[in-house]
Amino acid sequence: MAHLDADVAAFVDGQLSPDATEAASRHVQDCARCREAVAQQRHLKMRMQATSDVRPPASLLASLSELPRTPAPQPPPLWTRVLHSAVWGASGVAVGASLAVMLMAYVAGAPGRGLGDAVVPPVDAYAADFRTAVGGGDVVRPASSGQDVMTTARMADLTANGWPCHGTLGHDLERVEGRLQAEGAVSLTYTDGTGRLELHEQTGALDTDRLHGFAQQQLGDHEVWVRDQPGMRTVVWDAEGVVYTVVTDVDDARLVPALGDLPAAAPRPGLRERVGHGLDRLTGWLTV
């Protein structure tokens with residue numbers, strides 16, 4: 001059978017006929033080129049599906065739905081209307097209503113968790129692999145061969161599609177290997193000849209509630225979660241629908257510039273930006 005080429009997407013999406021699907025499956029098992037193309041197509045499909053469906057809290061929707069049915073307030077007694085001018089009364093109502101809307105907008109404008117399903121990367125497995133790689137003193141392990149090792153061209157394609165596989169990180173950390181893992185993650189190894197940095201990328205949003213043993217820190221422009229262990233440091237964050245895990249033994253002087261070459265999470269919105277975003281959300285919810 002010839003290479004899949006233009007049929008890769010149809011094969012991944014299940015659009016081929018049963019006979020063609022069976023033939024393509026047999027071909028992929030024996031063809032490293034098509035197997036790699038199928039793996040990349042699956043990565044791209046996962047990334048396109050990693051979207052966040054932002055929904056308003058049920059309690060907020062219930063409160064808003066009650067507004068049209070709220071009975072009009074009873075007019076105040078005559079003496080109250082005499083003591084309070086119409087101008088002051090209208091101003092008080094307007095101010096109260098504005099504050100209520102601003103409060104709802106602030107709550108609704110809270111930043112979401114991010115794109116994709118909430119995930120916790122296998123940080124312990126990554127740390128164990130790192131420890132094994134450098135345990136014998138062989139800091140620079142040569143790039144291995146195998147069906148999951150990516151070519152330079154394939155890593156360039158992934159970089160163009162939102163999966164950074166840069167040839168160099170920071171000042172002098174050079175890429176020596178790139179792999180596509182069976183579970184859909186991208187794993188890259190970098191070194192400057194003395195230190196080692198392993199970068200793992202997977203689709204999703206970081207679930208910090210289940211990330212145990214990590215402390216939140218600011219490294220350069222990146223707000224990250226860090227765990228220090230003897231001889232290594234693990235750094236985790238997410239950005240634009242991808243969760244990044246770095247395991248390394250380089251110091252901060254080399255680590256911070258390396259992180260600077262990778263996407264960072266969006267900064268937390270200020271008060272004005274959060275309220276504005278909340279007003280946009282409320283408008284969208286009420287007009288659906």
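The face of helix α2 that points away from its buried side carries Pro18, Asp19, Gln29 and Asp30, which are exposed (over 50% relative accessible area; under 20% is buried and anything in between partly exposed, with a 1.4 Å probe and protein chains only). Buried residues of α2 are Ala24, His27 and Val28. Viewed down the axis, the buried residues of α2 fall within an arc of 100 degrees, so they line one face of the helix; the arc is taken over the directions from the helix axis to the C-beta atoms. The length of α2 also works out nicely: its 13 residues (18-30) should span 18 Å at 1.5 Å a residue, and the end C-alpha atoms are 19 Å apart, which agrees. The expected span here is 1.5 Å times one less than the number of residues.

A word on the model itself is helpful at this point. It is a predicted model, in which local features need pLDDT of at least 70 and side-chain atom pairs count only at pLDDT 80 or more, while totals for chains, interfaces and linings use all residues. Residues are numbered from 1 along each chain as its sequence is written, and side-chain values use heavy atoms, with hydrogens and water left out.

The secondary structure of the chain amounts to ten helices and ten strands, where helices (H or I, at least four residues) and strands (E, at least two) are DSSP runs numbered from the N terminus. Of the 288 residues in the chain, 36% are buried. About 16,500 Å² of the chain is exposed, and carbon and sulfur atoms supply 57% of that area, as computed by the Shrake-Rupley method with a 1.4 Å probe, with only the protein chains shown counting as cover for residues. Among contacts (heavy atoms within 4.5 Å) with a separation of 6 or more, 66% join residues 24 or more positions apart.

Helix α8 (residues 152-160) has Arg154, Met155 and Leu158 as its buried residues. These cover an arc of only 100 degrees around the axis, which puts them on the same side of α8. Thr152, Ala153 and Ala160 are exposed on the other side of α8. Glycine 162 follows α8 and has a positive phi, near 95 degrees.

Turning to the strands, an open sheet of eight is arranged in the order β2-β3-β4-β5-β10-β9-β8-β7, with antiparallel pairing; two strands count as paired if DSSP finds at least two bridges between them. At the edges stand β2 (168-169) and β7, each with a single partner strand, so one side of each is left without a neighbour in the sheet. The pairing of β7 (residues 215-219) with β8 (residues 222-229) is antiparallel and runs over five bridges, with glutamine 218 opposite glutamate 223 in β8. Two residues separate β7 and β8 in a hairpin, and glycine 220 in its turn has a positive phi of about 65 degrees. β8 also pairs with β9 in the antiparallel sense, over five bridges, and there glutamine 229 faces methionine 232 of β9.

Alanine 215 lies in edge strand β7. With 36% relative accessibility, alanine 215 counts as partly exposed. Beyond its neighbours within four places in sequence, alanine 215 makes contact with Val224, Trp225 and Val226. From alanine 215 to aspartate 228, 13 residues apart in sequence, the C-alpha distance is 9.2 Å.

Alanine 127, in helix α7 (residues 123-135), connects the helical part of this account with the strands. At 3% relative accessibility, alanine 127 counts as buried. Apart from neighbours within four places in sequence, the contacts of alanine 127 are Arg227, Gln229, Met232 and Val247. Valine 247 is 120 residues away along the chain, yet its C-alpha atom is 6.5 Å from that of alanine 127.

The loop between β9 (232-239) and β10 (242-248) holds glutamate 240. Phi of glutamate 240 is positive, near 55 degrees, in a residue other than glycine, and glutamate 240 is exposed, with a relative accessible area of 53%.

Finally, a search of the whole structure finds one aromatic pair. Tryptophan 237 and tyrosine 244 make up this pair, which is stacked, at 5.2 Å centre to centre and 15 degrees between the planes. The rings considered are those of Phe, Tyr and Trp (its six-membered ring), with centres within 6.5 Å; planes under 30 degrees apart count as stacked, over 60 as edge-to-face and the rest as tilted. Tryptophan 237 and tyrosine 244 are both buried.
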